[in-house]
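Grab a pencil and work through these exercises at your own pace. Try each task before you read its solution.

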Amino acid sequence: MLHARDSLAAGLDALDRAGRARSRRVVEQHLGPVRSVVAGRECTTFCGNDYLGLADHPEVVGALREAAVEWGVGSGASHLVSGHTREHHALEEELADFVGRPRALLFSTGYMANLALGSVLAGRVACEDRLNHASLLDAGLASGARLVRYAHADVGALRARLQRQRDPSRPALVLTDGVFSMDGDVAPLRGLAEACREHGADLVVDDAHGFGVLGPGGAGSVAEAGLGVDDVPALMCTLGKAAGTFGAFVAGSALLVESLLQRARTYIYTTALPPALAAATRASLRVMRREDWRREKVLALAARFRVGATGLGLRMLPSRTPIQPVVFGSEAAAVAASAALLDRGHWVPAIRPPTVPAGSSRLRFTFSAAHDERDVDRLLDDLAAAVHP
Ligand SMILES: *Cc1c(COP(=O)(O)O)cnc(C)c1O
């Protein structure tokens, strides 16, 4: 007997009444990196985060398969017991090198990596951009610090917050997405780093959507901004997006990484990633290093979409990344546009509150190096028909 049943049922009712109940679409068949069968029809996907088209790259899949034969599937234990294999260890060294930092530590998910950072870097106050990812907000909460939010991408607003919180004995923590996940814009990282330097605050950047896509060699938004480990002492990147695999890592100084390893509960008390996944990510890094064209192509496709959608009079956000949202405002309008596109074979779900602020419901289009120009042009034609019928 579930004693909480009345409150659970009331909670679901409330979501339903607010039009905020979510549902999952079953992907019935995988036809390629950006093609699938959903709702009984073949679609081109414009909502995945496989920006470089590496999730089913033969070299990455082959590495996974071979390593599974060698190591088995499960790692069998946490990293600090017997789950830390040669594959994990080598991957950590390669990741640190990829982003140009002294050391890196693997986590099972970006969510857990962010919680780990929050728990270890507990400060007097945690300053968060208003549009930060939910896991960064939870990282701030995990720090036990007072949480304050500053206006989106507003260095002046952050400065004002830090000014009010001066306490040299306990540094403040500033947390930001590198590329904002629902808007696609890049954080003003140089300004944020400068504000942190002036006020003795530590800057944490979650580069889930910049890693592999932006910066020299795909090293991410922080490298693109020319910032090093002294400016951004804690960098978190996920591997389930551009790298096409799964997992996440934190890169930083040996001191930060050792502190996470020794103290972060979301590192210590959980099973290590399967070693074959670490091997697959190593293969993915090799392709990322070798094939610059993937980065160039995805950015060019996103720019092509942006020009076309702007020409249709649609409301775009200031993004130069593979994330290109079109804002419809009302939830109903976004949902209707999503349904009309699905009818025509393009899969892009409506993003509604509370994921985005009320009145900014949108279609969040994402692009991949596995798309081609025809995919983008067909999408634009059908988007025109959907919004100007
Ligand atoms: C996806 C995402 C995460 C979470 O990463 P997972 O590995 O999927 O848990 C964290 N931060 C941002 C900005 C993300 O987009």
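**Exercise 1: the pocket**

Task: find the element that gives the largest share of the lining of the largest pocket.

Solution. Of the lining of the largest pocket, α14 supplies the largest share, five residues. Helices here are DSSP runs of H or I with at least four residues, strands are runs of E with at least two, and both are numbered from the N terminus. A pocket is found on a 1 Å grid over the protein atoms alone, as an open set of points with protein on both sides within 12 Å along at least five of seven lines; a cavity is a set of points where a 1.4 Å probe fits but cannot get out, and lining residues have an atom within 4 Å of a point.

Before you go on, remember that this is a predicted model, where local features need pLDDT of at least 70, side-chain atom pairs count only at pLDDT 80 or more, and totals for chains, interfaces and linings use all residues. Residues are numbered from 1 along each chain as its sequence is written, and side-chain values use heavy atoms, leaving out hydrogens and water.

Next, the size: the volume of the largest pocket is about 920 Å³. (Grid points are joined across faces, edges and corners, and a volume is the space filled by probe spheres set on the points.) Its lining has 35 residues, with R22, A350, I351, R352 and T355 nearest the centre. Two or more lining residues come from each of α6 (134-142), α14 (331-343), β13 (346-347) and β14 (350-351).

Last step: sort the lining into 18 nonpolar, eight polar and nine charged residues. Here Ala, Val, Leu, Ile, Met, Phe, Trp, Tyr, Cys and Pro count as nonpolar, Asp, Glu, Lys and Arg as charged, and the others, Gly among them, as polar.

**Exercise 2: the cavity**

Task: which residues line the largest cavity?

Solution. Start with the search of the whole structure, which turns up one cavity of 30 Å³ or more. The largest cavity holds about 50 Å³ of space. Its lining is made by H79, L106, F107, S108, T266, Y267, T270, T271, A272 and L273. At least two of these residues come from β4 (103-107), and at least two from α11 (265-268). Sort them and you get five nonpolar, five polar and no charged residues.

**Exercise 3: the ligand**

Task: what surrounds the ligand, and which polar contacts can you list?

Solution. First, collect the neighbours (a residue is near if one of its heavy atoms lies within 4 Å): T109, G110, Y111, H133, S135, D177, S181, D206, A208, H209, T238 and K241. That shell splits into two nonpolar, seven polar and three charged residues.

Then look for polar contacts, meaning pairs of N or O atoms within 3.5 Å; within protein, one must be able to donate a hydrogen and the other to accept it, and residues adjacent in sequence count only if both atoms are side-chain atoms. A polar backbone atom of G110 sits 2.7 Å from a ligand oxygen. Polar side-chain atoms of H209 and K241 each lie 2.6 Å from an oxygen atom of the ligand.

**Exercise 4: the backbone**

Task: where is the cis peptide bond?

Solution. Check omega: the bond from P353 to P354 is cis, with a value near 5°. P354 belongs to the loop between β14 and β15 (361-366).
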